[in-house]
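Hi,

Here is the structure I promised to pass on. Please have a look at it first, and then read on for what turned up.

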Amino acid sequence: MRRLGLVFFTLAIAAGQQPPPVLPSWLVPYAGAKAETQTVLANGIEVAYTTDAKPDLVVAHYRHLLEAAGLPFLPSFDGIGTSMRAASAECDLLIKVREQGAGTLTTVSCAAKTAGKPSAPDEVKVTTSHTTTPTKSSWRLMEERIRQGEEYTRQVLAEAEARHKQGIKKMEIYDQPVNGRVRKKDSPSRPEK
């Protein structure tokens with residue numbers, strides 16, 4: 001595997017391309033990782049492994065690593081698992097943590113930084129807090145998002161209830177008794193001779 005990486009590196013330099021990036025040394029897999037696969041791509045590298053740990057523990061592991069490296073921890077849950085993006089000095093990182101069976105599948109992608117990206121203006125400065133306790137503004141933002149989510153949920157439930165009542169109203173015609181046909185009375189049977 002090491003020779004393959006060296007071959008790609010040599011070919012990239014010979015072709016005048018930027019060599020594929022390497023994972024930052026501080027970005028270590030969760031303890032007890034199994035079945036590690038490493039894929040070298042044209043513009044990056046991808047490493048995948050599984051662990052017996054629950055996804056929450058693996059996400060906490062990467063939170064600790066990112067914060068220790070001075071990078072912001074910005075997880076997003078996409079319905080399948082948790083994704084984390086960060087821009088390290090070596091490359092742009094995408095870490096995906098998904099539940100798989102009784103354990104967790106983790107994929108770490110390290111993509112080369114492209115030179116064509118517009119740079120941010122000099123007057124804009126982004127700072128991150130390295131504390132693990134949320135600030136008052138982040139609590140307010142989180143409370144606002146929770147309130148918006150609850151309001152949206154109330155609205156959706158009210159619309160569903162209204163549709164349900166309309167459906168019941170339409171079905172009320174089937175709850176009315178049906179007047180049967182009036183049958184003619186049978187004529188008395190003729191006596192047999």
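About 15,500 Å² of the chain is exposed, and carbon and sulfur atoms supply 57% of that area. Please keep in mind that this is a predicted model. Of the 193 residues in the chain, 22% count as buried. Among the contacts in the chain with a separation of 6 or more, 48% are between residues 24 or more positions apart.

As for the fold, the chain has three helices and six strands. Going along the sequence, you will meet them in the pattern α-β-β-α-β-β-β-β-α.

**The strands β4, β5 and β6**

Strand β4 covers residues 81-87 and strand β5 covers residues 92-100; the two run antiparallel and are joined by seven bridges. Together β4 and β5 make a hairpin, with four residues between them. If you want a spot to start from, look at Ala87, which stands opposite Asp92 in β5.

β5 also pairs with strand β6 (residues 103-111), again antiparallel, and here nine bridges join the strands. One facing pair to look for is Ile95 and Val108, the latter in β6. This is a hairpin as well, with two residues between β5 and β6. In its turn sits Gly101, whose phi is positive, at about 60°.

**Thr51**

Next, a residue from another strand: Thr51 belongs to β2, which spans residues 44-51. Is Thr51 buried or exposed? Its relative accessible area is 4%, and buried means under 20%, so Thr51 is buried.

Which residues does Thr51 touch? Leaving aside residues up to four places away in sequence, Thr51 touches Tyr30, Gly32, Ala33, Val58, Gly103 and Thr104. Thr51 and Thr104 are 53 residues apart along the chain, yet their C-alpha atoms are separated by 5.3 Å.

**A patch on the surface**

Finally, have a look at Trp139, Met142 and Ile146, which form a nonpolar patch on the surface. Together these three residues have about 290 Å² of accessible area. Met142 lies in helix α3, which runs over residues 136-171. With a relative accessibility of 37%, Met142 falls between the cut-offs of 20% and 50%, so this residue counts as partly exposed. Patches take in residues with over 30% relative accessible area, which is why a partly exposed Met142 at 37% can still be part of one.

Enjoy exploring the model, and do write back with any questions.

Best wishes

Key: Residues are numbered from 1 along each chain as its sequence is written. This is a predicted model: local features need pLDDT of at least 70, side-chain atom pairs count only at pLDDT 80 or more; totals for chains, interfaces and linings use all residues. Side-chain values use heavy atoms; hydrogens and water are left out. Patches are made of residues with over 30% relative accessible area and no salt bridge: like charges are joined within 9 Å, nonpolar side chains (Val, Leu, Ile, Met, Phe, Trp, Tyr) within 5 Å. Accessible areas come from the Shrake-Rupley method with a 1.4 Å probe; for residues, only the protein chains shown count as cover. A salt bridge is a side-chain nitrogen of Lys or Arg within 4 Å of a carboxyl oxygen of Asp or Glu. Buried means under 20% relative accessible area, exposed over 50%, partly exposed in between (1.4 Å probe, protein chains only). Contact means heavy atoms within 4.5 Å. Two strands pair if DSSP finds at least two bridges between them.
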